[in-house]
Structure formats: structure tokens, C-alpha cells
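Subject: Structure for you to look at

Dear colleague,

Here is the structure I promised to pass on to you, with the sequence alongside. Please have it open while you read the notes underneath.

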Amino acid sequence: MDKRIYLCLAHMSGKEQAFIKEAFDTNWVVPLGPNVNAFEDELKHFVGQDKEVVALSAGTAAIHLGLIQLGVGAGDEVICQSFTFCASANPVAYQGATPVFIDSEEDTWNMDPVLLEEAIKDRIAKTGKKPKAILPVHLYGMPARIDEICAIAAKYDIPVLEDAAEALGSEFKGQKCGTFGTFGVLSFNGNKMITTSGGGALIVPDESTKKQTMFYATQAREPFPHYQHEKIGYNYRMSNICAGIGRGQMTVLDEHIAHHRHVHALYEKAFEGVDGITLKSNPDGRFNANYWLSTILIDPVKTGTNYDEVRRNLDERGIETRPLWKPMHLQPVYAHNLCYVNGVSERLFNMGLCIPAGPWVTDEDVAYIVEQIKACCTKSCFITVLK
């Protein structure tokens with residue numbers, strides 16, 4: 001194949017330029033403005049549940065501001081999902097707090113509610129105080145067992161900061177991911193469901209919390225004619241230019257979600273009954289993933305190969321793939337952090353690949369990708385038998 005097939009490339013609607021031009025024509029090129037306000041309103045309408053939304057410079061910034069408003073500080077512990085990208089945990093360290101990592105369960109690959117409660121009980125017994133917050137992730141757009149997680153959080157009166165950076169449009173029991181916790185986080189990085197080039201948003205419970213979030217995101221400037229600061233603030237607001245891109249992207253968000261689900265359905269049909277290759281799908285009818293990235297597990301015993309050999313072979317054939325996230329409890333930077341593990345995330349990391357699913361991926365691309373994956377595995381099995 002002449003072209004390279006990427007995991008998830010940004011896909012423009014064609015309307016972004018009009019919003020950007022309007023910003024330039026009116027000289028609204030600062031980290032505030034009509035596009036920001038309109039983008040926030042559109043996101044608010046999309047996520048529902050009477051939530052408010054604050055557009056920010058990154059999903060990481062959104063996690064950070066959520067932690068600040070939950071009072072997380074030095075000496076605190078925050079329960080974090082281990083199987084995720086580092087941006088889910090790093091803001092905890094920004095606050096001088098300590099991430100405590102929880103392994104995954106098999107159904108969704110997200111935070112295991114059983115281990116979560118064990119960890120809470122253990123930390124209370126050993127430290128005399130509760131963790132300050134719980135930070136679950138909806139990995140690759142697959143909703144976590146968020147009802148169980150929130151029930152445990154309520155039982156111990158611990159707030160939930162819900163990382164839905166990869167899950168814009170995903171639903172659990174018909175409710176959008178990011179709206180279950182006290183705060184929810186979205187990302188609009190260049191490879192997400194929609195993009196603002198870079199950017200993110202914090203989903204907040206009400207208007208007063210939105211104002212407080214905006215306060216922290218604009219250097220915590222007090223309402224004086226001079227510059228007065230009584231708290232530490234940050235330069236985290238989204239620019240009016242980036243928000244213009246976001247407004248154009250909102251016009252194709254539903255289309256993008258539908259396309260990702262369509263691509264996943266093609267993979268489901270193609271891999272059905274293929275021994276040794278497992279595609280991750282919704283566990284049951286409560287879950288409705290956006291399938292930001294489709295993911296497969298490659299059984300080295302049944303296929304005679306491993307995920308890294310397949311990754312390298314696919315790369316040579318013009319197909320971008322990516323190993324599943326390396327769990328945080330295995331990362332050198334968090335080598336000394338507490339972790340409550342069951343082996344699930346480590347096994348997944350050693351078996352899994354993300355495969356292309358974005359708006360530019362065609363039905364023909366899917367057929368080629370599946371053909372090449374099957375060929376890699378079949379060839380490896382044949383070589384193994386000959387040896």
C-alpha cells in the first residue's frame with residue numbers, strides 16, 4: 001500500500017476556517033472570546049446532566065485544576081488508575097501529593113472496583129485518613145465500571161475526578177462519560193475524537209464552580225483595578241483561535257463517533273472466530289464506547305508471535321500501531337509508589353496493540369489491516385512449527 005495508515009489523524013469539517021477568520025477579523029486572538037464561550041456552550045449541551053464546561057489549554061490542565069479544587073495538596077494520597085497515560089497521574093505530583101495506583105479489571109481494562117475498596121480500607125488503616133480523591137480513567141474510550149466506582153466513593157465520602165480524555169461521546173447506561181464524578185476531564189489533542197490543535201476541558205457541577213475554575217485558570221487574579229493575587233493561579237485558558245477550531249469540530253463530532261464505531265464493527269466481524277487474536281469490545285449493553293482506538297490482544301502461544309513482532313511487521317507495511325499503555329506502577333518515575341495489583345494491566349501491556357480507527361481510516365484500510373495482522377500471525381505460527 002502506497003499510503004501510510006495512521007491510528008487517528010485530525011479530520012477537519014471545513015468550517016473551522018470561518019470561526020478562525022472571525023477571530024482574526026475581530027482581533028479576538030487572546031485566551032478568551034466569543035469562540036471560547038460558544039465552544040463551552042456546545043460542549044455543555046453535548047455532555048448534558050446540567051453540567052458546566054470550562055475550555056482549557058490541555059486535558060492535563062483540567063486534571064490539575066480539578067485536583068486543586070478538591071483540595072489535594074502535599075501529604076495527600078490520590079487513588080489513580082495504573083493502566084493509563086502518565087498525564088492522568090502527573091498532576092497529582094504537581095500538587096505535592098502521592099498517586100496510589102490501582103490495577104485493572106478484565107471487563108473494561110479500567111480501575112478495578114474490588115481493588116479500589118481494598119486500597120481505601122488499607123490506606124485508612126495505615127495512615128488514619130482517607131485518600132483525598134479517586135481518579136478513574138475511561139481507557140481508549142471504554143467506559144469504566146463507573147457506577148461501582150462512584151458507589152464506593154460515596155460510601156467513603158471521597159470525591160471522583162473522572163478522566164474522560166479519551167472518551168468524548170462514550171456512554172455508560174446512556175449517560176456521557178465525564179459527568180459521573182464531581183469533575184470530569186476531556187482532551188482535544190490532535191489525535192482525539194475532535195481536536196482544537198491542543199486543548200482540553202473541565203466538566204464542573206455548576207456555574208459557581210465554573211467561575212472558580214476560570215479564576216484559577218487565569219492566574220487567580222482578584223477583582224481589583226491593579227493586579228492582586230491571593231492564591232496561586234495558572235495560565236490554562238484556551239485561546240479564542242483554538243476554540244474556533246473546536247467549534248468547527250463540533251459540527252462533525254457525531255459523525256466521528258459513528259465512524260469509529262463503524263470501523264470497530266468491521267474489526268469485530270473480521271476477527272470473529274480468529275484464534276489467538278482478541279478485539280476489545282463493549283462488555284455488555286450498559287457500555288457504549290466511542291472506540292477512540294480499537295485494541296487487540298495477541299496470544300503468543302496460539303499465534304506463535306507477540307505484539308511487538310506484529311507491530312514491527314505492520315510498520316513495514318505502512319500501518320501505524322502502538323503498544324497498550326505501560327502501567328504507571330511499572331514506570332521508573334513511580335517505582336516507589338504504592339500499588340494494588342492483580343496482574344491484569346501488566347498482562348495486557350505484554351499482549352496488546354492499538355490499531356487504526358480514526359476518521360481517515362476507510363473500509364478498504366480495515367480490510368488491509370486485518371489481512372496483514374492475520375498474515376503476520378499465520379506466518380509466525382508456520383515458522384514456529386517448522387522450528
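What follows is a walk through the findings, grouped by topic. Please keep in mind throughout that this is a predicted model.

The interior

The largest nonpolar core holds 38 residues, and within that set Phe39 and Phe188 are the ones that touch the most other members. At least two residues of this core come from each of helix 2, strand 1 (52–56), strand 9 (200–204), helix 8 (240–250), helix 9 (253–271) and helix 12 (344–349), and helix 2 gives the largest share, with five residues.

Phe188 is worth displaying with its surroundings: if residues up to four places away in sequence are set aside, its contacts include Phe39 and Leu43, together with Leu168, Met238 and the run of residues from Ile194 to Ala201, namely Ile194, Thr195, Thr196, Ser197, Gly198, Gly199, Gly200 and Ala201. Apart from this core there is another, of 31 residues, which has Leu67, Phe101, Val204 and Phe215 among its members.

Helix 2 itself can be checked for length, because its 14 residues at 1.5 Å a residue should span 20 Å, and the C-alpha atoms at its ends are indeed 20 Å apart, which agrees. The buried residues in helix 2 are Asn35, Val36, Ala38, Phe39, Glu40, Leu43, Phe46 and Val47, and just after the helix Gly48 takes a positive phi of about 75°.

Leu253, which lies in helix 9, counts as buried because its relative accessibility is 1%, and the cut-off for buried is under 20%. With its neighbours within four places in sequence left aside, Leu253 is in contact with Phe46, Leu168, Met193 and Ile194. The C-alpha atoms of Leu253 and Thr195 are separated by 9.9 Å, although the two residues are 58 residues apart along the chain.

Another buried residue is Asp76, at 13% relative accessibility, found in the loop between helix 3 (59–69) and strand 2 (77–81). If neighbours within four places in sequence are again left aside, Asp76 is in contact with Gly71, Ala97, Thr98, Lys129 and Lys132.

The surface

On the surface, Phe24, Trp28, Val29, Val30 and Leu32 form a nonpolar patch, and together they have about 440 Å² of accessible area. Val29, one of these residues, is found in the loop between helix 1 (16–25) and helix 2 (34–47) and is partly exposed, with a relative accessible area of 38%.

Salt bridges

The structure holds 23 salt bridges, and I describe a few of them here. The side chains of Arg4 and Asp315 meet in one, at 2.5 Å from N to O; Arg4 lies in the segment before helix 1 and Asp315 in helix 11 (residues 307–316), so this pair ties together parts that are 311 residues apart in sequence. Both partners are partly exposed, Arg4 with a relative accessible area of 31% and Asp315 at 39% relative accessibility.

In helix 11 there is also a salt bridge between the side chains of Asp308 and Arg312, at 3.3 Å from N to O, and these two residues lie four places apart, about one turn of the helix. Asp308 is partly exposed, with a relative accessible area of 25%, and Arg312 is likewise partly exposed, at 41%. Elsewhere, salt bridges that share partners join Glu105, Asp107, Arg145 and Glu148 into one network. Within this network, the closest N and O atoms of Arg145 and Glu148 are 2.9 Å apart; Arg145 is buried, with a relative accessible area of 17%, whereas Glu148 is partly exposed, at 28%.

Backbone points to check

Most residues other than glycine have a negative phi, and two residues in loops are therefore worth a look against that background. Tyr140 is not a glycine and yet has a positive phi of about 55°; its place is in the loop between strand 4 (133–135) and helix 6 (146–155), and at 4% relative accessibility Tyr140 counts as buried. Gln219, also not a glycine, has a positive phi of about 65° and sits in the loop between helix 7 (207–217) and helix 8, where Gln219 is partly exposed, with a relative accessible area of 40%.

With best wishes

Note on methods. Residues numbered from 1 in each chain as written. Predicted model: local features only at pLDDT ≥ 70, side-chain atom pairs only at ≥ 80, totals over all residues. Heavy atoms only, no water. Patch = residues over 30% accessible without salt bridge, like charges linked within 9 Å, V, L, I, M, F, W, Y side chains within 5 Å. Areas by Shrake-Rupley, 256 points an atom, 1.4 Å probe, with all protein chains shown as cover. Salt bridge = Lys/Arg side-chain N within 4 Å of Asp/Glu carboxyl O. Buried < 20%, exposed > 50% of the residue type's maximum accessible area, 1.4 Å probe, protein only. Core = buried A, V, L, I, M, F, W, Y, C linked by side-chain atoms within 4.5 Å. Contact = heavy atoms within 4.5 Å. Expected span 1.5 Å × (residues − 1).
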